[in-house]
Amino acid sequence: MFLREIINWISFQLHILKNILIFLAPAIPMTIKLTLVAFALALILGLLIGLARLSQRGLIKALSKIYVDVLRGIPLLVQIFFIYFGLGKILNLDRFLAGVIAIAVCYSAYLAEIIRAGIQAIHKGQYQAALSLGMTPYQTMRYVILPQSLRIIVPPVANEFIASLKDSSLVSIIGLRELTRAGREYYSQYFVDFQTWLVVGIIYLVMTLSLSRLVAHLEKKYKVHGYGIPH
Amino acid sequence: MIIQTKEISKRFGEIIALDAVNFEIEAGEVVVIIGPSGSGKSTLLRCLNGLEKTDSGEIVIDGIKLDKDKSSIHKVREELGMVFQEFNLFPHLSVLGNLCLAQEAVRKRSKPDSEKISLELLKKVGLLDKKNSFPNQLSGGQQQRVAIARALAMNPRIMLFDEPTSALDPEMIGEVLEVMKNLAKEGMTMLVVTHEIGFAREVAKRIIFMDQGKIIEEGKTEDILNSPQNPRTIAFLSKVLK
């Protein structure tokens with residue numbers, strides 16, 4: 001009798017969870033797309049700003065410093081509001097584009113600092129050796145410095161990637177129908193709070209754990225001989 | 001004259017690293033620069049291939065005047081090979097990768113061509129069996145021999161050595177000097193900053209003694225080593241030869 005009630009309860013709960021999952025599933029690709037596009041842009045911007053921070057030219061150096069200081073000093077949520085409601089009105093940005101720009105610009109500031117630190121960690125003898133072989137500054141950066149910096153850069157960049165996936169949920173506030181927005185819609189229709197946010201949380205967790213696996217693989221790939229704790 | 005400097009000077013803040021240095025080197029000559037640390041020897045080498053910019057004076061290498069524009073620095077670096085005290089091999093590349101990188105990027109050689117040249121040079125420095133090793137798997141002496149081969153792979157007309165044995169354990173100095181002696185015998189123009197007086201005595205045609213950014217004395221190897229004239233040269237040699 002009692003056992004039967006438990007079984008009924010469980011099957012009812014599973015039914016709700018399944019319904020939530022079916023409701024949320026179509027919104028998952030938007031979260032992935034938003035994160036991938038925004039982070040790819042952030043990486044390109046971050047590399048350029050990071051290199052600009054190391055420039056010999058005073059103006060470029062100063063401007064890139066201001067860029068980093070300003071963008072990492074303002075909450076992402078405020079940046080999203082500013083870009084969507086402020087710039088968006090002028091430039092006619094849709095929700096997706098506004099979200100992409102806000103995340104890309106905000107994260108490029110963090111990435112620029114990581115990339116700068118990674119480049120600065122390489123011994124100056126490496127530049128001197130490459131330049132003395134006749135390599136151009138670009139070739140030196142491309143073939144000698146950056147490949148060694150990757151070893152240092154990959155783990156913190158991965159952190160930012162995972163953080164940006166989670167922060168993409170903030171874009172729900174301007175009405176882009178990604179995972180978190182879909183969760184809110186489900187809740188406001190059926191008033192099931194515990195289960196809804198449990199499922200949303202688990203979906204985010206599955207995505208971030210998959211990324212962690214990918215990162216472990218990249219770290220192995222960019223390992224440089226002779227560094228790390230000896231075994 | 002393959003290398004000619006006129007009145008070159010260089011300051012680092014308050015410190016005068018080079019003070020109106022004049023010297024000339026003929027093609028095929030082996031010249032050793034000696035002097036106490038901080039005397040400007042390394043700075044001089046770095047100025048020759050544009051790793052440091054001189055404040056004033058003129059450098060002409062193989063007919064190319066080294067000025068501010070990048071193309072002249074680039075041309076000059078193609079003529080000059082440089083070997084560093086700290087080897088500066090690229091740790092993310094294998095020995096073969098270290099030798100091939102600049103050949104392909106700068107000399108625009110094909111991969112098979114650059115590998116062929118690299119293997120010949122590794123054979124010459126006695127490290128053919130290490131072609132797939134990574135720098136951290138080699139001893140200091142082996143790393144420095146790879147660094148010499150890497151510089152030679154660019155077919156330089158002149159080789160600059162900046163204290164090539166100073167970071168080595170004593171038992172490894174010999175193998176590096178051996179490679180350098182063979183290079184001298186082949187007629188390579190070499191400018192060597194070193195404390196290895198034995199090497200200078202055996203290989204160098206001339207010795208330049210520097211102190212406090214100036215050339216204090218220069219002359220034929222046997223003259224400088226056997227009968228130095230300047231008191232500072234005498235004092236330095238008496239310490240080194242002890």
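## Sheet and helix packing in chains A and B

In chain B, six strands make up an open sheet of mixed pairing, arranged in the order β6-β7-β8-β3-β9-β10. The edges are held by β6(B) (80-83) and β10(B) (214-220); each has a single partner strand, so one side of each is left without a neighbour in the sheet. On average, and with direction ignored, neighbouring strands of this sheet are turned by 15° against each other. The model described here is predicted.

At the β10(B) edge, strand β9(B) (residues 206-211) and β10(B) pair in the antiparallel sense over six bridges. Within this pair, Ile208(B) stands opposite Glu218(B) of β10(B). Helix α2(B) (residues 70-79) packs on the sheet, where it touches β6(B) and β7(B) (158-162). The direction of α2(B) makes about 70° with that of β6(B). Helix α5(B) (residues 140-152) also lies across β6(B) and β7(B), and runs at about 170° to β6(B).

Further strand pairing in chain B involves β1(B), β4(B) and β5(B). The table sets out three antiparallel pairs of chain B, each with one pair of facing residues.

| Strand pair | Sense | Bridges | Facing residues |
|---|---|---|---|
| β9(B) and β10(B) | antiparallel | six | Ile208(B) and Glu218(B) |
| β1(B) and β4(B) | antiparallel | five | Lys6(B) and Glu58(B) |
| β4(B) and β5(B) | antiparallel | two | Ile61(B) and Ile64(B) |

Strand β1(B) covers residues 3-12 and β4(B) covers residues 56-61, while β5(B) consists of residues 64-65. The hairpin of β4(B) and β5(B) has two residues between the strands, and Asp62(B) takes a positive phi near 50° there.

Turning to chain A, helix α2(A) (residues 28-53) has 26 residues, which at 1.5 Å a residue should span 38 Å; the end C-alpha atoms are 36 Å apart, in agreement with that value. Many positions along α2(A) are buried, including Ile28(A), Leu34(A), Phe39(A), Gly46(A), Ile49(A) and Arg53(A). The buried residues of this helix pack against α1(A) (2-24), α3(A) (58-72), α5(A) (95-120), α7(A) (137-167), α8(A) (179-190) and α9(A) (194-221).

Two of these partners, α8(A) and α9(A), also pack against each other, at an angle of about 165° and with their axes 9 Å apart. The two helices are therefore roughly antiparallel. Their contact is made by Leu179(A), Thr180(A), Gly183(A), Arg184(A) and Tyr186(A) of α8(A), together with Thr196(A), Trp197(A), Val200(A), Ile203(A), Tyr204(A) and Met207(A) of α9(A). The crossing of α8(A) and α9(A) is right-handed.

Two individual residues of chain A may be considered in turn. Gln139(A) lies in helix α7(A). Because its relative accessible area is 11%, Gln139(A) is buried. Beyond its neighbours within four places in sequence, Gln139(A) is in contact with residues of both chains: Gly134(A) and Val144(A), and also Ala105(B), Val106(B) and Lys108(B).

Leu218(A) belongs to helix α9(A). With a relative accessibility of 30%, this residue counts as partly exposed. Leu218(A) and Leu170(A) are 48 residues apart in sequence, and their C-alpha atoms are 28 Å apart in space.

Note on methods: Residues numbered from 1 in each chain as written. Chains lettered and ligands numbered in written order. Predicted model: local features only at pLDDT ≥ 70, side-chain atom pairs only at ≥ 80, totals over all residues. Heavy atoms only, no water. Pairing = 2+ DSSP bridges. Helix = DSSP H or I, 4+ residues; strand = E, 2+ residues; numbered from the N terminus. Axes fitted to C-alpha atoms, helices over the stretch in contact; angles between N-to-C directions. Contact = heavy atoms within 4.5 Å. Expected span 1.5 Å × (residues − 1). Buried < 20%, exposed > 50% of the residue type's maximum accessible area, 1.4 Å probe, protein only. Parallel < 35°, antiparallel > 145°, perpendicular 65-115°, else oblique. Left-handed = near helix turned anticlockwise from the far one by under 90°.
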